[in-house]
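Hi,

Here is the structure I said I'd pass along. Have a look, and my notes follow underneath.

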Amino acid sequence: MALKPFSPEEAKRIVQVLQKPAVFLNMTTDWQALHWTAEHLSACLTEKIQFRIGKRSEDMTPQFETECSYIEATIKEFLSWTACDGEVATGPFHDYHSREYWAYADYKYIAQLFQDKPAMFQDVVWSDFGFPGRDGHESTLWVGTQGANTPCHLDSYGCNLIFQVQGRKRWHLFPPDDTACLYPTRIPYEESSVFSHINVLRPDIDKFPAFVRARAHTVILQPGQVLFVPRHWWHYVESVDPVTVSVNSWIEMDLDDEARIGEALTRTIVCALKSSPSQDNTDHWLNPTEDGVSSHEENIQYLNLAVKAFTNKRQDNAEIQSSPSDRSRAEMGLQDCNGQLKTFPDPSCTVPFGANLIPVHRTQNLDNNCSFMFTNSSHCQSGCKYEPSGDEDLYQRSSQKPGSLDTSVDSVGMQISTNDLLDFLVHPDVIALVSKLIVERQRELSS
């Protein structure tokens, strides 16, 4: 076995302590998954898989998955299409010119792809990062062309480890504190994914002025490297080479129990409002990754189960940690008594940045970067001074006391749609507050 720069225990403690994204180098030199190029996978995986097809465009709005086309094709057919170099392709991709469209096989669970080849699970060795038994079975595969991307979003659960196999991907990351600058939305709805209204490559600053204050961190992930994305960091990911392959695994964390209450609450509200027909409620709001719309009764049941699971776990933790031996074992700093990654950093542990661990640096602020992104010249003057737009002014006025709000149509300047209402009701801050209220009420009833 090749000598690694960090032992599994050291790597796990780094993941535990890090509050910002970083890239691990020289941790995968002996992984068999390094050979998982698209060419190699085309021989291992002969069944058709789903590809998401997107238009190469200069639009300032995100290209959500609800706006993409979908086809079924083998990886061999995918590679044949990428090799056409602008020529008309045959087979499943014949309607899509490779110079006008990109393709992405994303969120493919390796446990399903290779269920008849379980030995391949061992090619991905997350145990090197201190997670014994975690391998390809708990991972997902991503295969795409240049331009293939995932809209800017944050994951509600856990932290993320991404292993780049082939080609390069550019990651644009924003800290959780920048949520207000990224204009979160739950439409399209997907459990555990909070999307941004913004195309971070070509932002509409007139419509989303607060984005100029967002603190972007950018890195190009190279083959063999592993990117660590901390909990609740926003990210937009794009493929920059003709063919890219990557493997990731989401690592469970102790705060996920409360997050599941929030997700159950969000699902209940979104399904209730979006299932009600109206003139402004005709969009394709359910992400293709979701199986379907669950009933209100099912959603309430799921919410109660999430609350119950959270309460039971907290009770179990209290009982276990009352035992000195079990408490000391859990406090060794790597995980809680249920095996989930702890989220509170050890202040005595320093992060060994250097040749084998590279921090993802913050890029130049948008308000100091007069780039091609800005279409309105008023935002590209020296210093790029930030000025609230009409929408933000509306938000500020709507935050005043009811008695001081001028509700005339002329002063409001807009009609609130169902999606606008949802942006407020299921905003991450609102959901977090309501989840805490639910937990507090449950605690009072249990005491």
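Helix 5 and helix 10 run roughly antiparallel to each other (angles over 145 degrees count as that), since their axes cross at roughly 165° and come within 11 Å. Those axes are lines fitted to C-alpha atoms over the stretch in contact, with angles running from 0 to 180 degrees between N-to-C directions. Helix 5 covers residues 256-274 and helix 10 residues 418-425; helices are DSSP runs of H or I, at least four residues, and strands are E runs of at least two, numbered from the N terminus. Ile269, Val270, Leu273 and Lys274 of helix 5 meet a set in helix 10 that includes Leu421, Leu422 and Leu425 (contact is heavy atoms within 4.5 Å).

A caveat: this is a predicted model, where local features need pLDDT of at least 70 and side-chain atom pairs 80 or more, while totals for chains, interfaces and linings use all residues. Residues are numbered from 1 along each chain as its sequence is written, and side-chain values use heavy atoms, without hydrogens or water.

Now Gln164, in strand 7 (residues 159-166). Glutamine 164 is buried, at 0% relative accessible area (buried is under 20%, with a 1.4 Å probe and protein chains only). A polar atom of its side chain lies 3.2 Å from the backbone oxygen of glycine 167. Beyond four places in sequence, glutamine 164 contacts Lys169, Leu221 and Thr244, among others.

Finally, the largest nonpolar core has 55 residues, with Phe24 and Trp36 among those with the most contacts inside it. Such a core is a set of buried Ala, Val, Leu, Ile, Met, Phe, Trp, Tyr and Cys residues joined through side-chain atoms within 4.5 Å.

Cheers

Technical notes
Buried < 20%, exposed > 50% of the residue type's maximum accessible area, 1.4 Å probe, protein only. Polar contact = N/O pair within 3.5 Å; in protein donor to acceptor, adjacent residues only side chain to side chain. Parallel < 35°, antiparallel > 145°, perpendicular 65-115°, else oblique.
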